[in-house]
Amino acid sequence: MKGSFKALLYRDIFLGRKQLKSATTMFFVATALVVLILLSFRHGNLALLDKEIVEGAKIMIMPVVKFMPVLVACFLPNFVSEAVAREESGLWSKFRRSTPVSHWCFALADYTLIFVFILLAFLVSAGYVAIICKIEGDAFDKRTIAIIVALALCSLAFCILMQIMTMLFKSVEIAGLAFTGAMMLAMFLYVFLAPETDMTNDEIFAKLGGFCEDILPFSPVIFISILLAGFCAAAMLYKRREK
Amino acid sequence: MMMNDYENAIEISNLTKKYDGFTLDNISFNVPKGSIMGFIGQNGAGKTTTIKALLNIIKTDGGSIKMFGLDHIENEFEIKQNIAAVFDEIPFHGDFTAKRLSIMFSGLYANWDEQRYFTYLDRFGLPRKKKISKFSKGMKMKLQIACALSHGAKLLVMDEATTGLDPVVRNEILDIFREYLQDEENSILMSSHITSDLEKIADSVTFIDKGKILITGYKDDILENHGVIKCTKADFKNIEKDDFISARLNDFGVEVMVANKNKAKRKYQGLNIEKTTLEEIMLFYVNSDKKEWS
């Protein structure tokens, strides 16, 4: 490709700007909710309850609620896949084939943005969690970072999977249904097949946190592998010709 | 081979593409450099399939395609830097404005000429900051053409691009094409079923029907050679079946399409042979299986 690569990035951002705006708004809404819950625990209705009940509720709710905005932020790169995939299901794919830009270049533009935005999401999430930890007097330790990294990796994988499915089915709606179906199936299988356990929520969170810590050293490799696999899959789907 | 060293902008040889229920059957034709070829056929005849094969959008089952003397797959990206495709529907997202499209196109084509693009926009009276989704069909088509003409393309491939446009807009577009063809390096392949447009502008014509090329050649030769014998049903009985393409029977007599007007004049002296149009030629060829129709 001899043209400007920046123009391809511009195209992706322009097409995905609505999703980008709504994802950013969602992040701020989720953060505001966490702040409201915290305020309620300190000065609101929840603070009026018995101290022991409040502490118990806090231990039960906060580990999950604290990471909600992180999850929302990590879905920020989804705007690229959704915008591009939406275009691909229209007449654009036919026109794209008439241009001198290779399938690798189109995929590279997408994945450059996905890479940049997942890093941005990670930094914003880490900053947010650090502030919440400071307010709550919790430690911003290796385990917390490991959980943020694991969430970022999971959402990256979901974003890429969603893009591949949308390009494959050439419909955002069908891909969304297929993706939700696959997720629900996985969850049902887990519920029915997983061995019964008498672990408490605390113990489950601790186990999950431990698992995240275990995979933290490998996270750069996992991150690059997911990106590379998605990039190659997207390039192949861009290259795919009509029957 | 150098990009300038070619005789035909497009050379299609024995192109075959098989679908369930339709086959593009061994088609061959050339588009000479500096000319405009009308690619005519009814809906479903195989025009779009041919264009898709040309642009490497579909896999073919046989044959070869050369553009500017180069293989269309081996030299795909070099070729595509020099061609522009215009489709019947605008392929860009409705949220783009003409101005924003220019930014995108600068990333697609190395030779994108923004100045020329804005000149075309002004000439066509297209607003720069209005969303494409708010454009009329004619405006959308003009915008596509402005994009196509602003990156120094040597070949325009148009797929039913004038379909659904009013005659005024169509004439404007034909004028632009005439201007474009003043540079003898430029060529156009224009698929359409509106034969009157092609009659005005095309240098050569290719008729396709049911995936087969029925006739290909210079438009003037085709119009010169073909003719319609208008005769009574009694006279028609004297015309040999091998001498005509097909015959249209009506209450007043018979119209018989012949492919060799001079030969027919000599053989059937006394019968009135009139000039014909591309539309009539297409109609009579499409019905050539039946031979006699009404």
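Which residue follows α7(A), and what is the sign of its phi? The residue after α7(A) is A:Lys170. Its phi is positive, near 55 degrees. The model is predicted.

Helix α7 of chain A covers residues 142-169, 28 residues in total. Its length can be checked against a rise of 1.5 Å a residue. The expected span is 40 Å. The end C-alpha atoms lie 40 Å apart, so the expected and computed spans agree.

Chain A also meets chain B. On the chain A side, 27 residues are in contact, against 33 residues of chain B. The area buried between the two chains is about 2,900 Å². Carbon and sulfur atoms give 64% of that area. In chain A, the residues that lose the most area to chain B are A:Phe95, A:Pro100 and A:Arg241. Together these three account for 22% of what that side buries.

Polar and charged pairing was also counted across the interface. Three salt bridges link chain A and chain B. B:Glu76 forms a salt bridge with A:Arg97. In that pair, the closest N and O atoms are 3.6 Å apart, which is within the 4 Å cut-off for a salt bridge. Five residue pairs are in polar contact between the chains, with both residues at pLDDT 80 or more.

Two elements of chain A give two or more residues to the side that touches chain B: α1 (5-42) and α5 (92-96). The most comes from α1(A), with eight residues. By residue class, the side of chain A that touches chain B divides into twelve nonpolar, five polar and ten charged residues.

Technical notes. Residues numbered from 1 in each chain as written. Chains lettered and ligands numbered in written order. Predicted model: local features only at pLDDT ≥ 70, side-chain atom pairs only at ≥ 80, totals over all residues. Heavy atoms only, no water. Contact = heavy atoms within 4.5 Å. Buried area = accessible area lost by both parts, 1.4 Å probe. Salt bridge = Lys/Arg side-chain N within 4 Å of Asp/Glu carboxyl O. Polar contact = N/O pair within 3.5 Å; in protein donor to acceptor, adjacent residues only side chain to side chain. Helix = DSSP H or I, 4+ residues; strand = E, 2+ residues; numbered from the N terminus. Nonpolar A, V, L, I, M, F, W, Y, C, P; charged D, E, K, R; others polar. Expected span 1.5 Å × (residues − 1).
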